[in-house]
Amino acid sequence: GHIPHAFSVPFSTFLEPNTTASGVKYNTFLPPTKVREALANAIGEQNLQDVLSGKRSITSSCGSGMSAGILWLGLKLIGVEKPSLYDEVNGSSASS
């Protein structure tokens, strides 16, 4: 569905691929400066400033809560005070 004033930010925006010496692939979070840059590119610098200053609240949401959890943690890494997470499966939200 559509959420008014929402931005679509795939969780992979905050991740970088890695490969072990044996060829196993895995992802890790980008450094906080790169997470911030990726989010600014996704939602615009002014919207990011509004989020960081507390003028605009932010809620990460997805069907199961897993992808939203990655976005929530990325927001915490860049200093967003109280991002919230909405789990559409259970219809509940949490913030911290």
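# Briefing: a chain with three helices and five strands

Tyr26 has its place in strand β2, and that residue is a handy landmark for getting your bearings here. Please keep in mind that this is a predicted model. The chain holds three helices and five strands, and reading along the sequence gives the pattern β-β-α-α-β-α-β-β. Here is a tour by topic.

**Overall layout**

- The C-alpha atoms of the chain fill a box of roughly 45 × 30 × 25 Å, taken along the principal axes.
- The chain has 96 residues, and 27% of them count as buried.
- Taking contacts between residues at least 6 apart in sequence, 45% join residues at least 24 apart.

**Tyr26 and strand β2**

- Is Tyr26 buried or partly exposed? Its relative accessibility is 39%, and because buried means under 20% and exposed means over 50%, Tyr26 counts as partly exposed.
- Leaving aside residues up to four places away in sequence, Tyr26 touches Glu16, Pro17, Asn18, Thr19 and Thr20.
- Tyr26 and Gln46 are 20 residues apart in sequence, and 32 Å separates them in space, C-alpha to C-alpha.

**Helix α1**

- Helix α1 covers residues 32-43, and its buried residues are Val35, Ala38, Leu39, Ala40 and Ile43.
- The cover over these buried residues of α1 includes α2 and α3.
- With 12 residues at 1.5 Å a residue, α1 should span 16 Å, and its end C-alpha atoms are indeed 16 Å apart, so the two values agree.
- Just after α1 comes Gly44, which has a positive phi of about 95°.

**Helix α2**

- Helix α2 takes in residues 45-53, with Leu48, Asp50 and Val51 as its buried residues.
- Why do the buried residues of α2 line one face of the helix? Seen down the axis of α2, they fall within an arc of 160°, so they line one face.
- On the face of α2 turned away from the buried side, you will find the exposed residues Gln46 and Ser53.
- The packing partner for the buried residues of α2 is α1.
- Gly54, just after α2, takes a positive phi of about 90°.

**Helix α3**

- Helix α3 has 12 residues and reaches 17 Å from its first C-alpha to its last, close to the 16 Å expected at 1.5 Å a residue.
- Ala68, Leu71, Gly74 and Leu75 are the buried residues of α3. Around the axis they cover an arc of only 120°, which puts them on the same side of α3.
- Among the elements covering the buried residues of α3 are β2 (25-29), α1, β3 and β4 (84-87).
- Lys76 is also found in α3, and because its relative accessibility is 31%, Lys76 counts as partly exposed.
- In space, Lys76 and Pro32 are 9.3 Å apart, C-alpha to C-alpha, although 44 residues apart in sequence.
- Just after α3, Gly79 takes a positive phi of about 95°.

**The segment before β1**

- His5 is found in the segment before β1 (15-19).
- His5 is not a glycine, yet has a positive phi of about 65°. For context, most residues other than glycine have a negative phi.
- Is His5 buried or exposed? With a relative accessible area of 71%, His5 is exposed.

**The largest pocket**

- The largest pocket contains about 620 Å³ of space.
- Which residues lie nearest the centre of the largest pocket? Of the 21 residues that line the pocket, those nearest its centre are Ala6, Phe7, Thr59, Ser60 and Ser61.
- At least two lining residues come from each of α1 (32-43), β3 (59-62) and α3 (66-77).
- Strand β3 gives the most to this lining, with three residues.
- By residue type, the lining of the largest pocket divides into 12 nonpolar, seven polar and two charged residues.

Technical notes: Residues are numbered from 1 along each chain as its sequence is written. This is a predicted model: local features need pLDDT of at least 70, side-chain atom pairs count only at pLDDT 80 or more; totals for chains, interfaces and linings use all residues. Side-chain values use heavy atoms; hydrogens and water are left out. On a 1 Å grid over the protein atoms alone, a cavity is a set of points where a 1.4 Å probe fits but cannot get out, and a pocket is an open set with protein on both sides within 12 Å along at least five of seven lines; lining residues have an atom within 4 Å of a point. Grid points are joined across faces, edges and corners, and a volume is the space filled by probe spheres set on the points. Helices (H or I, at least four residues) and strands (E, at least two) are DSSP runs, numbered from the N terminus. Ala, Val, Leu, Ile, Met, Phe, Trp, Tyr, Cys and Pro count as nonpolar, Asp, Glu, Lys and Arg as charged, and the others, Gly among them, as polar. The expected span of a helix is 1.5 Å times one less than its number of residues. Buried means under 20% relative accessible area, exposed over 50%, partly exposed in between (1.4 Å probe, protein chains only). The arc is that of the directions from the helix axis to the C-beta atoms. Contact means heavy atoms within 4.5 Å.
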